Amino acid sequence: MKIGAHLMRFDSVEPAALRRELADTAAYAEEAGLGWLSVMDHYWQMVSAGFPASDPMLEAYTTLGFLAGRTETVQLGTLVTGVTYRHPGLLAKIVATLDVLTGGRATFGVGAAWYEQEHAGLGVPFPPLRDRFEMLEETLRIARQMYSPTTARSRARTTASPRRSTSHSRSAVPRS
């Protein structure tokens with residue numbers, strides 16, 4: 001069995017000291033023999049779970065990149081990334097880049113998203129559950145295709161479908 005740690009709050013120190021705090025946490029995790037470190041992928045802290053709205057929330061993949069530069073052995077990833085946060089091809093590329101730069105230590109956690117309040121607060125569309133599950137299926141298909149060692153890059157480019165244009169789709173979605 002492997003034991004890991006999930007970093008979900010970034011309020012233990014002043015922002016100026018957060019870099020050192022995260023670096024120390026990563027070092028302690030490796031010294032203790034933890035198998036993985038994960039971070040939350042949210043726009044802001046989960047008020048509905050009882051955390052103060054004023055708590056800072058770092059962007060997940062930037063934070064994982066920082067942790068990657070300070071670790072050698074632990075797996076790194078988000079506990080879950082909501083499919084509404086990033087275009088599926090971009091998300092797959094972000095995680096693939098993290099995996100390459102960490103020597104195969106990235107994990108890919110993805111889900112249908114649930115935190116409507118943070119979407120509304122930033123003006124990010126929050127489609128109905130059925131649409132979010134369709135987005136999840138699309139994201140998994142694209143990720144599998146992108147991560148497959150037998151898939152040619154040109155094939156991945158031509159078979160990845162653009163997001164449907166509906167009243168619930170994101171604006172400014174990159175198109176190939």
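# A tour from Trp-114 to helix α2

Select Trp-114 to begin: its relative accessibility is 47%, so this residue counts as partly exposed. The model on screen is predicted. Now add Tyr-115, which is buried at 2% relative accessibility.

**Aromatic pairs**

How many aromatic pairs does a search of the whole structure find? The search returns 3. Go to Tyr-43 and Tyr-85, one of these pairs. Their centres are 4.6 Å apart. The planes make an angle of 45°, and the pair is tilted.

Colour the two loops next. Tyr-43 sits in the loop between β2 (36–39) and α2, and Tyr-85 in the loop between β4 (81–82) and α3. The pair therefore ties together parts 42 residues apart in sequence. Check the accessibility of each ring's residue. Tyr-43 is partly exposed at 26%, while Tyr-85 is buried at 11%.

Return to the starting point and show both rings. Trp-114 and Tyr-115 have ring centres 4.9 Å apart. Their planes lie at 20°, so this pair is stacked.

**Helix α2**

Select residues 60–68, which form helix α2. Is this helix mostly covered or mostly open? It is mostly covered, with 7 of its 9 residues buried. Highlight the buried set: Ala-60, Tyr-61, Thr-63, Leu-64, Phe-66, Leu-67 and Ala-68.

What covers them? Show β1 (4–7), α1 (15–31), β2, β3 (75–78), β4 and α3, which are among the covering elements.

Zoom to the start of α2 and pick Glu-59. One of its side-chain oxygens comes within 3.1 Å of the backbone nitrogen of Tyr-61.

**α2 against α3**

Keep α2 on display and add α3, residues 88–101. Two packed helices are described by the angle between their axes and the distance between the axes. Here the axes come within 11 Å and cross at roughly 10°. Angles under 35 degrees count as roughly parallel, and α2 and α3 are therefore roughly parallel to each other.

Which residues meet across this contact? On the α2 side, select Tyr-61, Leu-64, Gly-65 and Ala-68. On the α3 side, select Leu-91, Ile-94, Val-95 and Leu-98. Colour the set by residue class: 7 are nonpolar, 1 is polar and none is charged.

Look at the spacing along each helix. An α-helix has 3.6 residues a turn, so residues three or four places apart point the same way.

**Thr-102**

Step past the end of α3 to Thr-102, in the loop between α3 and β5 (110–111). Is Thr-102 buried or exposed? Its relative accessible area is 8%, under the 20% limit, so Thr-102 is buried.

Draw a distance from its side chain to Leu-98. A polar atom of the Thr-102 side chain lies 2.8 Å from the backbone oxygen of Leu-98. Then show the contacts of Thr-102 beyond four places in sequence: these are Ala-68 and Leu-76. Ala-68 is also one of the α2 residues that meet α3.

**Zoom out**

Display the whole protein chain as a cartoon. It has 6 helices and 5 strands. Trace them along the sequence and the pattern reads β-α-β-α-β-β-α-β-α-α-α. Colour by accessibility: buried residues make up 40% of the 176 residues.

Finish with a contact map. Take the contacts with a separation of 6 or more. Residues 24 or more positions apart account for 73% of them.

Technical notes:
Residues numbered from 1 in each chain as written. Predicted model: local features only at pLDDT ≥ 70, side-chain atom pairs only at ≥ 80, totals over all residues. Heavy atoms only, no water. Helix = DSSP H or I, 4+ residues; strand = E, 2+ residues; numbered from the N terminus. Buried < 20%, exposed > 50% of the residue type's maximum accessible area, 1.4 Å probe, protein only. Polar contact = N/O pair within 3.5 Å; in protein donor to acceptor, adjacent residues only side chain to side chain. Contact = heavy atoms within 4.5 Å. Axes fitted to C-alpha atoms, helices over the stretch in contact; angles between N-to-C directions. Parallel < 35°, antiparallel > 145°, perpendicular 65-115°, else oblique. Nonpolar A, V, L, I, M, F, W, Y, C, P; charged D, E, K, R; others polar. Phe/Tyr/Trp six-rings, centres within 6.5 Å; stacked < 30°, edge-to-face > 60°.
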